[in-house]
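Visitor: Could you take me through one part of this model at close range, and then show me how some other parts compare as places to look? I would enjoy one connected tour.

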Amino acid sequence: MFKLRRFLKDYKKECIVGPLCKLFEAILELLVPLVMANIIDVGVKNRDSGYVIKMGIVMIALGAIGLMSALVCQYLASRASQGVGTKLRSELFLHINSLSHAELDKLGTPSLITRITNDVNQVQQCVAMGIRLLSRAPFIVFGSLIMAMTINLKMSIIFFLAAALIGITLYLVMSKSLPAFSAIQKKLDRIGLISRENLSGNRVIRAFSKQKSEQERINKATEDLANTSIRVSRLSALLSPATYAITDVAIIAIVWFGAVSVNNGTGMLSGDIIALVNYMTQILLAIIVVANLVILITKASASAGRINEVFETQPSVVEKKHTDIKTFTDEKTPKIEFKDVFFTYGDGDDELTDISFEIMRGQTVGIIGGTGCGKSTLINLIPRFYDVKSGEVNFDGVNVKEYPFTQLRGQIGIVPQQSVLFSGTIRDNMKWQNKDATDDDIVRALKTAQAYDFVSKLKNGIDSHVEQGGKNFSGGQRQRLCIARAITGNPKVLILDDSFSALDFATDAALRKALKAFTNDMTVIIVTQRCSTIRNADQILVLDDGCLVGKGTHDYLFDNCETYREICLSQLNEAEAKK
């Protein structure tokens, strides 16, 4: 929690004035037992109704002023906690977006969602309760001890013994609870993961009739969470009965020894006993508040640790410069060049091994290979989603590590393997890379991507609604819309990562023909498993188990690259492959 204190810097007034208001309320509350003692020892004892009424008005005034003070504190605490929660979510979201793919893969989407929602809520509640009660409760405890000492020094020993026993109880519960609350948050991550998988893969689950097994899976995860929560709740539940028991024993002792003192006439009055009992009751109520605060702070500490883990995770891919750099745009300089590139995810084996090739500007290049051979990994190095282990990836003659992200990625249009559309309208999605794109630009891109036919038939055309993830479109329609979105940005390099997989052969052929006409000056990289899609490419790169085993034209590779030949013959007969 201490590491997150920077989020309170804009709420210093609330953090100072709020607790002061609560302290003022606590002072007034500590005066009430003294007023009550005077009513008993003076007003009631002497049958002075005027004094009783006057002191009763004083008590009402103390309560009213205390209430106003508490309301001011409540308002300030709400302002601070809501502000901190807003800033924390905003900065956490901003930091998550600064992380590279490697860090996002490590932390995991479900865990990040839990941290930015549930964990931030825990911290937010802790701030609110901290401002309201963190200063008041200890002040009430120590104030009551001091007031008890002013009334009767010997009787105050009972207060100190009770306070010490309650403090020990709180420490034992807190030390046992903290690890358990951390475990609960991790189990929430697990439930989030399973829920996300089930909701996104609902059709697959139904197709394989796996509803029962998935229900058992979520039941197991929720039962695990429930069992852990129950164990923590049982431990936390000990606080109230333990503190009540200690306080009740202390009150019995006060009444017992106080009554003996009053009977013996050794200095104590009946009002003093009532005041001492009231102070002990105030301590009890304050301790109950402290107990709840302990549970809340323990939860918030576990959540704060998880939030700090995200903030402390630094991106492995960072910008060296933030201003545009000078590049080489002559015809002799390759648009993209890989020099002796090795790459690995984490500490595992190399995913790419000694990759070297050149792509000249305006070329259409195909990348083909078996599943898991490293095709998508290779293209992810071009926009610098990951950094190479060794070697260089150059863009316009300059290492991609030297580029600011906006300059590098602003020149690249990517259609990912998984077609992703965002909620809004088709127009909104088309303007992602080029916010100034005109309707003519959008229509031209849609026609090139073979998407205009179905878009024009929609009631609102390019202003038609897109549901989350584009679920109101088919797989092939989503792919074509994603291609149109990339084209609308008019990028210098267009990367199509297996973006024709959901298209029929006729649409595939029409799309390739339109792309060839549209992208004369554009460098196009097509990742595919269909040899027919890239057979007319200027250059084809063949990958096998992370190694570049062939590069050249279709005819050259068919005669000289065994891997490429096998891929072609698995899809076409030899006569078709040689056409």
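Guide: Let's begin with helix 16, residues 475-488, in what is a predicted model. Its 14 residues, at 1.5 Å a residue, should span 20 Å, and the end C-alpha atoms are indeed 20 Å apart, so the expected and modelled lengths agree.

Now look at what surrounds this helix. Helix 16 is mostly covered, with twelve of its 14 residues buried. Near its start, the buried residues include Gly476, Gln477 and Gln479. Further along, Arg480, Leu481, Cys482, Ile483, Ala484, Arg485, Ala486, Ile487 and Thr488 are also buried. You will see two arginines in that list, Arg480 and Arg485, together with residues such as Leu481 and Ile483.

The partners of these buried residues come from several elements. On the strand side, the buried residues of helix 16 pack against strand 6 (412-415) and strand 9 (493-497). Among the helices, they pack against helix 13 (426-430), helix 14 (439-448), helix 15 (452-456) and helix 17 (505-518).

Follow the chain out of helix 16 and you come to Asn490, which has a positive phi near 50 degrees. This residue lies in the loop between helix 16 and strand 9, and strand 9 is also one of the elements that the buried residues of helix 16 pack against. Most residues other than glycine have a negative phi. Asn490 is not a glycine, yet its phi is positive, about 50 degrees. Asn490 counts as exposed because its relative accessible area is 55%, and the cut-off for that class is over 50%.

Another residue invites a look alongside it. Asp354 also has a positive phi of about 50 degrees and is not a glycine. Its setting is strand 2, residues 350-359. With a relative accessible area of 43%, Asp354 is partly exposed.

From here, let's turn to helix 5, residues 136-151. It has 16 residues and reaches 22 Å from its first C-alpha to its last, close to the 22 Å expected. Its buried residues are Arg136, Ala137, Ile140, Val141, Gly143, Ser144, Leu145, Met147 and Ala148. An α-helix has 3.6 residues a turn, so residues three or four places apart point the same way. With that in mind, try following Arg136, Ile140, Gly143 and Met147 among the buried residues of helix 5.

Those four residues are also among the ones that meet helix 1. Helix 1 (residues 12-44) and helix 5 pack with their axes 10 Å apart, at an angle of about 30 degrees. That angle makes helix 1 roughly parallel to helix 5, since angles under 35 degrees are counted that way. The crossing of the two is right-handed. From helix 1 come Lys22, Leu23, Glu25, Ala26, Ile27, Glu29, Leu30 and Leu34, and they meet Arg136, Phe139, Ile140, Gly143, Ser144, Met147 and Ile151 of helix 5. By class, this contact has nine nonpolar, two polar and four charged residues.

Just ahead, in the segment before helix 1, sits Tyr11. Tyr11 is buried because its relative accessibility is 15%, and the cut-off is under 20%. Its C-alpha atom is separated by 5.8 Å from that of Ala80, although the two residues are 69 apart along the chain. Beyond its sequence neighbours up to four places away, Tyr11 touches Arg79, Ala80, Gly83, Val84 and Lys87.

Helix 2, residues 49-98, gives us the next packing pair, with helix 10, residues 270-312. Their axes come within 9 Å and cross at roughly 40 degrees. That makes helix 2 oblique to helix 10, and helix 2 passes helix 10 in a left-handed crossing. Leu88, Glu91, Leu92, His95 and Ile96 in helix 2 meet Ile307, Val310 and Phe311 in helix 10. The residues of this contact divide into six nonpolar, one polar and one charged.

To finish, consider helix 8, residues 211-237. Its 27 residues reach 37 Å from first C-alpha to last, close to the 39 Å expected at 1.5 Å a residue. The buried residues of helix 8 are Glu214, Ile218, Ala221, Leu225, Thr228, Val232 and Ser236.

Notes
Residues numbered from 1 in each chain as written. Predicted model: local features only at pLDDT ≥ 70, side-chain atom pairs only at ≥ 80, totals over all residues. Heavy atoms only, no water. Expected span 1.5 Å × (residues − 1). Buried < 20%, exposed > 50% of the residue type's maximum accessible area, 1.4 Å probe, protein only. Contact = heavy atoms within 4.5 Å. Axes fitted to C-alpha atoms, helices over the stretch in contact; angles between N-to-C directions. Parallel < 35°, antiparallel > 145°, perpendicular 65-115°, else oblique. Left-handed = near helix turned anticlockwise from the far one by under 90°. Nonpolar A, V, L, I, M, F, W, Y, C, P; charged D, E, K, R; others polar.
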